[in-house]
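Biologist: Got a minute to go through this one with me? Let's pull it up and start with the pockets.

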Amino acid sequence: MANSLLFHSSDTAATNYAEEGMSSKINRDTTDQSKETSEQLVASSNRLRKSERKARKFEHKVARLQLLRKKRKTERKERIRLAAALNGGSAPALPESGSSTNDNHEPRVSKLVKSGLIRDKLRSALIHGQRVCIDLGMEDLMSQKECSRLAQQLGRLYGSNRKAEQPFHIYISSVHRNGRVFQDCVRKNCGFERYFIDFVEKSVFEYFELSNIVYLSPDATEILEILESDKIYVIGGLVDETRHKNITKNQAVNFGVRSVRLPIEKFCEKSSQGGTFCQVLSINQVFEILLHVGTTGDWSEAFAKHLPKRLGFV
């Protein structure tokens, strides 16, 4: 009897233990399911908020585009009005920096309109401007570093032409689009291929009539006095850190064209404080001097403004 009671108690304890284990498992499963359900709800809520954010972002983008279109339409009208005023000879002057448009009763011109006017000016220069050509036919004489410096100088040259009141008609000859100089220009100057410049694959001596070419060289014996509108003034596209003499002069002599140098010694004096007194200038410095003379006709002023101080000319 005692043994049977003992077995019965053991069975009951085992049954209770099994039931507790089953209950614990069920509770764990229920907890896991509730957690999964909660995570799904959170994920669903996040997705909803993300979609709402995307919708709001799209709405803001559409609104900004609408405002931009409206602004551009207004600026186009303003540009047309200014162009009409320019053609009629009664164009209002652009407001100076720091001046109030209300005080001067002058219209405020946006950067977009100003850029459009500059583009129109450069397009006109391609037809009526003084012709200046940069000769890239000496690329083989330069190192990679010198080609890179030449590309930077061409960027500065174009920037000066954009700012000029009377920009020049710029040519670049002996252009090789796979060459080192051209590739450096594209890499260093944003939008270089879209510049208002005539890119010519032929040599300057093949593209223009030889009788119209005037080649600038610091080694030339003849001095440039005035700019003639029917001539093409050629600047050698050469950065020569080793200073080989007579390269550009020999180019002109070999093709039988006229070579000249800038009249620095005629209009400048050597400073008592000393200097290098070197007349070899970068292509953008030569161009800026020609540009200034083409606008004002004043060599002294051009040299005073554009010659580097280290040269010692005053």
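Biologist: What volume does the largest pocket have?
Modeller: About 740 Å³. Keep in mind that this is a predicted model.

Biologist: And which residues are the closest to its centre?
Modeller: Those are Leu 238, Val 280, Leu 281, Ser 282 and Ile 283, out of 35 residues that line the largest pocket.

Biologist: Which helices and strands each supply at least two residues of that lining?
Modeller: On the helix side, helix 4 (144–163), helix 7 (247–255) and helix 9 (283–296). From the strands, you get strand 6 (232–236) and strand 7 (258–261).

Biologist: Where does the largest share come from?
Modeller: From helix 4, with four residues of the lining.

Biologist: How do the lining residues divide into nonpolar, polar and charged?
Modeller: There are 16 nonpolar residues in the lining of the largest pocket, along with 11 polar and eight charged.

Biologist: OK, switching to the sheet. What's the strand order?
Modeller: It's an open sheet of seven strands, ordered 3-2-1-6-4-7-5, and the pairing is parallel.

Biologist: Which strands stand at the edges?
Modeller: Strand 3 (198–199) and strand 5 (222–223). Each has a single partner strand, so one side of each has no neighbour in the sheet.

Biologist: How many bridges join strand 2 to strand 3?
Modeller: Two, with strand 2 covering residues 169–173 and the two strands running parallel. Within that pairing, Ile 172 stands opposite Phe 199 of strand 3.

Biologist: Back to helix 7. Which strands does it lie across?
Modeller: Helix 7 lies across strand 1 (131–135), strand 4 (213–216), strand 6 and strand 7. Its angle to strand 4 is about 160 degrees.

Biologist: Now pick a residue in strand 7 for me. Is Val 260 buried or exposed?
Modeller: Val 260, which is found in strand 7, counts as buried because its relative accessibility is 0%.

Biologist: What does Val 260 touch, leaving out residues up to four places away in sequence?
Modeller: Val 214, Tyr 215, Leu 216, Ser 217, Ala 220, Glu 222, Ile 223 and Leu 224.

Biologist: And how far apart are Val 260 and Tyr 233 in space?
Modeller: 9.6 Å, C-alpha to C-alpha, with their positions 27 residues apart in sequence numbering.

Biologist: Last bit, the whole chain. How many helices and strands are there?
Modeller: The chain has 10 helices and seven strands. Buried residues account for 35% of its 314 residues.

Biologist: And what share of the contacts between residues at least 6 apart in sequence join residues at least 24 apart?
Modeller: That comes to 76%.

Key:
Residues numbered from 1 in each chain as written. Predicted model: local features only at pLDDT ≥ 70, side-chain atom pairs only at ≥ 80, totals over all residues. Heavy atoms only, no water. 1 Å grid on protein atoms, 1.4 Å probe; cavity = no way out; pocket = protein on both sides within 12 Å on 5 of 7 lines; lining within 4 Å. Points joined across faces, edges and corners; volume = space filled by probe spheres on them. Nonpolar A, V, L, I, M, F, W, Y, C, P; charged D, E, K, R; others polar. Pairing = 2+ DSSP bridges. Contact = heavy atoms within 4.5 Å. Axes fitted to C-alpha atoms, helices over the stretch in contact; angles between N-to-C directions. Buried < 20%, exposed > 50% of the residue type's maximum accessible area, 1.4 Å probe, protein only.
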